[in-house]
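Trainee: I am new to this structure and would like a close look at one part of it. Could you take me through the nonpolar core, and then show me how the rest fits around that core?

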Amino acid sequence: MSERLLSPAAYLVVLIVLMGLTILTVGLSFVPSSGLMRIAAGQSIAVVKASLVVLFFMHALGSPAQTRAVIVVTVFWLVAVLAALTFSDYFTRGMIPNLPGH
Amino acid sequence: MSPDNSFLTAEQLESLEGTALVRHRLEEQYANLDQQHQAASLGMWVFLATEVMFFGVLFLAVAIYHHLYPQAVEKASEKLNWVIGGGNTLVLLLSSLTIVLAVHYARLAQRKQIVSFLGLTALLGVCFLALKGLEYYLDYRENLIPGWRFDAAEWVTRDGLRPDQVPQVKLFLFLYWVMTGLHALHVTIGICAVLVIMLLARNGRFSAAYYAPVDVTALYWHFVDIVWIFLLPTLYLLGIHHAG
């Protein structure tokens, strides 16, 4: 396919960044912090790492429009539909006292 | 080039490159190999979208149980072997580099490099499974297998949890086994796929115009890597670790 070619050196740089982020995320688990902070840090770093893999290793950068559409729809479905709707139920339970059924 | 086309001029021949007339790898429903490659690649991306949904619900389950039972889930997470979990992340990341290099050399039609990098990828996959196996054995020794090797009293006396929190620990550990087990299954399938493509590459099946199978297999392999990227913080890093 007619995608832009990255050089092996560029791929190596991406790998070094990914490995650095892995060491960072494990290192952060030794820092005393609140549970919420740890989730936020761990998941944010994972999102950055996954984005690097998708963009550079899976060649989403410079991919045809239909491939990009599939990626956007997948993320939308996972985050906005699957996760957000589920969390909006579980995370708001008990917010209103004496609500029947809670 | 078949001799049947010899009545064509050089320019005409060039315009037929990658079409069904001169390339036997091209299926007849596609105009050219480039379009066929794009269709194959799109098919893999759509399959990966279904895989995202498949693993996504399991990640959601961990998030919700963590939200409902923070203390028990974090205690259980601390007991998981983060050294092997983290080390295995590095192994899979390295294998993503080796397979992307296989794709790179497939584009350049350098057969020897394609075969070596695919072989290296499969080897790193086997390394991952071996480390995972070692980790499972250590989990067995540490009584982290609910329903088989699990000591409820230990979590109360050693970790200071209330007896009613022990089932919550079990819940998290069940998810740990299901998620890492399903991931290991995906790695196993990936290794088989990479080995098949490696054999095809060795037999000279691919060219600079036709290497879609290498590309599509690499997409799957990267996806399996991404699942592990999220498994590391979701399972291993919920609690606070202590040095030494």
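Mentor: Happy to! One definition will help us from the start: two residues are in contact if their C-beta atoms, placed from the backbone, lie within 7 Å. Please also keep in mind that this is a predicted model.

With that in hand, let us begin at one residue, Ala102(B). Setting aside its neighbours within four places in sequence, Ala102(B) is in contact with Ile114(B), Phe117(B), Leu118(B), Thr121(B), Val214(B) and Ala218(B). Several of these names come back when we turn to the largest nonpolar core, which has 71 residues. The residues with the most contacts inside that core are Ala102(B), Ala106(B), Ile114(B), Leu118(B), Val214(B), Ala218(B) and Leu219(B). Both chains supply elements that give two or more residues to this core: helix 1 (8–28) and helix 2 (35–57) come from chain A, while chain B brings helix 2 (33–68), helix 3 (70–79), helix 4 (82–107), helix 5 (111–141), helix 7 (166–202) and helix 8 (212–236). Helix 8 of chain B gives the most, with 17 residues. As background, nonpolar side chains tend to be buried together in soluble globular proteins.

Now let us step along chain B from the core. Just past helix 4 comes a loop that leads to helix 5 of chain B, and Ala109(B) is found in that loop. Ala109(B) is not a glycine, yet it has a positive phi of about 55°. Is Ala109(B) buried or exposed? The answer lies between those two words: Ala109(B) counts as partly exposed, because it has 15 C-beta neighbours inside 10 Å. A second loop to look at joins helix 5 to strand 1 (144–145) of chain B, and it holds Asn143(B). Asn143(B) has a positive phi too, of about 60°, although it is not a glycine. With 16 other C-beta atoms within 10 Å, Asn143(B) is partly exposed.

Zooming out, chain B has eight helices and two strands, and from the N terminus on its elements run α-α-α-α-α-β-β-α-α-α. The radius of gyration of chain B is 24 Å, well over the 18 Å that the globule rule gives for 244 residues, so chain B is more spread out than a compact globule. Its C-alpha atoms fill a box of roughly 85 × 30 × 30 Å along the principal axes. The domain assignment splits chain B into domain 1 (1–31) and domain 2 (40–236), and the C-alpha centres of these two domains lie 43 Å apart. Buried residues make up 36% of the 244 residues in chain B. Among the contacts in chain B with a separation of 6 or more, 74% are between residues 24 or more positions apart.

Chain A, the partner that also feeds the core, has three helices and zero strands, in the pattern α-α-α. Its radius of gyration is 19 Å, where a compact globule of 102 residues would have one near 13 Å. The C-alpha atoms of chain A fill a box of roughly 60 × 40 × 10 Å, taken along the principal axes. Buried residues account for 21% of the 102 residues in chain A. Here the domain assignment gives domain 1 (1–63) and domain 2 (64–102), with 24 Å between their centres, taken over C-alpha atoms.

How do the two chains meet? In this model, 39 residues of chain A are in contact with 42 residues of chain B. On the side of chain A that touches chain B, helix 1, helix 2 and helix 3 of chain A each give two or more residues. The largest share, 11 residues, comes from helix 3 of chain A. Sorted by class, that side has 26 nonpolar, 11 polar and two charged residues.

Finally, a word on confidence. The mean pLDDT is 91 for chain A, with 94% of its residues at 70 or more. For chain B the mean pLDDT is 93, and 94% of its residues reach 70 or more. Among the elements of chain A, helix 3 (residues 65–90) has the lowest mean pLDDT, 95, and helix 1 the highest, 97. For the complex, the predictor gives an ipTM of 0.94 and a pTM of 0.92.

Technical notes: Residues are numbered from 1 along each chain as its sequence is written. Chains are lettered from A and ligands numbered from 1 in the order in which they are written. This is a predicted model: local features need pLDDT of at least 70, side-chain atom pairs count only at pLDDT 80 or more; totals for chains, interfaces and linings use all residues. Domain bounds come from an automatic or database domain assignment. A nonpolar core is a set of buried Ala, Val, Leu, Ile, Met, Phe, Trp, Tyr and Cys residues joined through C-beta atoms within 7 Å. A residue is buried if 20 or more other C-beta atoms lie within 10 Å of its own, exposed if 12 or fewer, and partly exposed in between; C-beta atoms are placed from the backbone. Helices (H or I, at least four residues) and strands (E, at least two) are DSSP runs, numbered from the N terminus. pLDDT is the predictor's confidence in each residue, from 0 to 100. The radius of gyration is taken over C-alpha atoms; the globule rule is 2.2 Å times the number of residues to the power 0.38. Ala, Val, Leu, Ile, Met, Phe, Trp, Tyr, Cys and Pro count as nonpolar, Asp, Glu, Lys and Arg as charged, and the others, Gly among them, as polar.
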